[in-house]
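Student: I should like a close look at one loop residue whose backbone deserves attention, followed by an account of the chain around it. Please keep the explanation connected.

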Amino acid sequence: MRDQRAVAEAASRRFLTFRLDGSLYALPSEHVLEVILVPAVARVPHSPTALLGVANLRGMVLPLVDLRALLGLHGDSAATATKAIVFDVGQQLALAVDSVDSLVAVAEDAIETRESELSAREGELLSGAFRSARHDEVAKVLAIERLLGAAFTQQPRAKRQSRGRAVAQGKGSAATSAPSKMLVTFEVAQQEFALELDAVQEILPAPAAVTLVPRAETLVLGVTSLRDRLLPLLSLRGLLGFPPAPVSDGREKVVVTNVRGAQVGLVADRARTILAAADSSIDSLPPVLAARTGGESRLKAIYRGDGGRRLVSILSPEQLFREDVMRRLGEGARNETSRGAADSTRRAEQTFLVFRLGKDEFGLPIDVVDEVGEVPPKIARLPKTPKFLEGVVNLRGDVLPVVDQRRRFDMPAAEGLERRRLVVVRTERHRAGLIVDGVSDVLRVPKDSVEPPPDLTERIARLVRGVINLDESERIVLVLDPSELLTPAEQERLDAFQRASREDA
């Protein structure tokens, strides 16, 4: 009896059955890893309609595929799908379906594989079918690898230059510019301050909750966790001698910097811009202010922007703290270093500027970002310009083409975005301004934590250089290649437009 049961089990296959648009389908169970609720996703620009986006599954980046689109069916899977089937066919993906039915064992001789009897509808690619005893209807076994291959056509990828080489070439090909410093500016008590970009490790939204430190000074707001390390949070208002803010408006940012080897978070009222400040526009602090013992002594220099109408006070992290605090920070950093000496050497890191379009977040390598500022109130719209160009602006004497990234990524226009920003980027061929909904933060992460993009189409592989999966905050940031933000044909048109602009000038 036991031998007969073993023979029967050996001659059967197991399938996971599920429903979509009223039909019963099946997948071989050997490909299925688990069934989950449909997760939140980050949409991938210029992806096929069958890709809903990428999701975070316990720290793993998981592409979510729309089965309805794979089969050519109409309807909104985002509204009707309740489950996602996670499966592995060489890479792990999730399939959005209306509902999951059951796990069934089917005898081999009950699986019909003759193509003439599969009765596949248009758009269906099937590897078999069997009659479900539970529902007394036919369950169609999807040829999922063939369906994916048809929707996500792979082509050989062109060999690309490394990012560092491309950026270096880009800066070399541009007109020689005056020496400058990159500044990160932020607002404290309605005044604009700055730190040099090299002194800023990252900029993050202020955490909703922090752990308070007993008997600490009022400028110590508490501690929070940053990638498994404790980060002390200090009020820039307190450090600069301003009174506490009467109420929080939710726009506070944490500027993470390094003081004598110790990481500290400086809490500002809000972030403002990233800009290239010409050395000729940066003045040393007047001696009468440098000699003061109040907040002015925290200043390192003054930047004069907009023809002197905009004054930005440049801070030095080392000058923000009293000498006794500096000693404690240095001792803490040495203790932290000694505790971590047994660990592997510190991993190499990368820094990204993170911007938003709707609910989606994207990253650009910080070394291709020239500056970040407010969108100019007037953008000149010129005749016979490519449709992806919003227009041109005069940025301190340079004619800068402006691209609306919402339009570029085929997203609907958004109204009432007062916080829109202009991100000026430079590649080996162009310098352009990108209009985005907002800039979230400056993010520094270990290089090996940037995961490869979904290997689904050549266009995605070229545009998306990697994925940053911030598991703790349940955020996914798609790292874009700035040189691939425009297609080759669009880049040629932009080249022609810029040549014509120079000739007209």
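Tutor: To place a loop residue, one must first fix what a strand is: strands are DSSP runs of E with at least two residues, numbered from the N terminus. The model under discussion is predicted.

The residue to examine is Ala 189, which lies in the loop connecting β11 (180-188) with β12 (191-196). Its phi is near 55°, a positive value in a residue other than glycine. Most residues other than glycine have a negative phi. Is Ala 189 buried or exposed? Ala 189 counts as buried because its relative accessible area is 17%, and the limit for that class is under 20%.

What surrounds Ala 189, once neighbours within four places in sequence are set aside? The residues in contact with Ala 189 are then Arg 237, Phe 242 and Asp 269. One of these, Asp 269, lies 80 residues away from Ala 189 along the chain, yet the two C-alpha atoms are separated by 7.1 Å. For the chain as a whole, among contacts with a separation of 6 or more, 61% are between residues 24 or more positions apart.

Another residue with a positive phi provides a comparison. Arg 58 is also not glycine, and its phi is near 50°. Arg 58 sits in the loop between β4 (51-57) and β5 (60-66). In contrast to the buried Ala 189, Arg 58 is classed as exposed because its relative accessibility is 62%, and that class begins over 50%. A further positive phi, of about 55°, belongs to Glu 474, in the turn of the hairpin formed by β31 and β32.

That hairpin has 4 residues between its strands. β31 (residues 464-470) and β32 (residues 475-480) are antiparallel and joined by 6 bridges; within this pairing, Ile 468 has Val 477 as its bridge partner. β31 also pairs with β30 (residues 450-451), again antiparallel, through 2 bridges, and here Glu 451 stands opposite Val 467. Of the 7 residues in β31, 6 are buried, so the strand is mostly covered. Leu 470 and Val 477 both belong to a separate core of 16 residues, which also includes Leu 204 and Val 254.

The strands flanking Arg 58 lead to a wider arrangement. β4 and β5 take part in an open sheet of 5 strands, ordered β3-β6-β7-β5-β4, with mixed pairing. β3 (32-37) and β4 are the edge strands; each has a single partner strand, so one side of each lacks a neighbour in the sheet. From one strand to the next, the twist averages 30°. Inside this sheet, β5 and β7 (residues 92-97) run parallel and are joined by 3 bridges, with Val 65 opposite Leu 95.

Val 65 and Leu 95 reappear in the contacts of Leu 70, which also include Ala 50, Ile 144 and Phe 152. Leu 70 and Leu 266 touch the most other members of the largest nonpolar core, a set of 85 residues.

A further open sheet of 5 strands follows the order β8-β1-β2-β10-β9, and its pairing is mixed. Its edges are β8 (99-107) and β9 (126-132); since each has a single partner strand, one side of each is left without a neighbour in the sheet. With direction ignored, neighbouring strands of this sheet are turned by 35° against each other on average. β1 (residues 12-20) and β8 are antiparallel and joined by 8 bridges, and Phe 18 in this pairing is opposite Val 100.

These parts belong to a chain with 11 helices and 32 strands. Of its 505 residues, 48% are buried, and Ala 189 is one of the buried residues. The accessible surface of the chain comes to about 26,400 Å², with carbon and sulfur atoms contributing 50% of it. To return to the request, Ala 189 combines a positive phi with a buried position and a contact with Asp 269, whereas Arg 58 combines a positive phi with an exposed position.

How values were computed:
Residues are numbered from 1 along each chain as its sequence is written. This is a predicted model: local features need pLDDT of at least 70, side-chain atom pairs count only at pLDDT 80 or more; totals for chains, interfaces and linings use all residues. Side-chain values use heavy atoms; hydrogens and water are left out. Buried means under 20% relative accessible area, exposed over 50%, partly exposed in between (1.4 Å probe, protein chains only). Two strands pair if DSSP finds at least two bridges between them. Contact means heavy atoms within 4.5 Å. Accessible areas come from the Shrake-Rupley method with a 1.4 Å probe; for residues, only the protein chains shown count as cover. Axes are lines fitted to C-alpha atoms, for helices over the stretch in contact, and angles run from 0 to 180 degrees between N-to-C directions. A nonpolar core is a set of buried Ala, Val, Leu, Ile, Met, Phe, Trp, Tyr and Cys residues joined through side-chain atoms within 4.5 Å.
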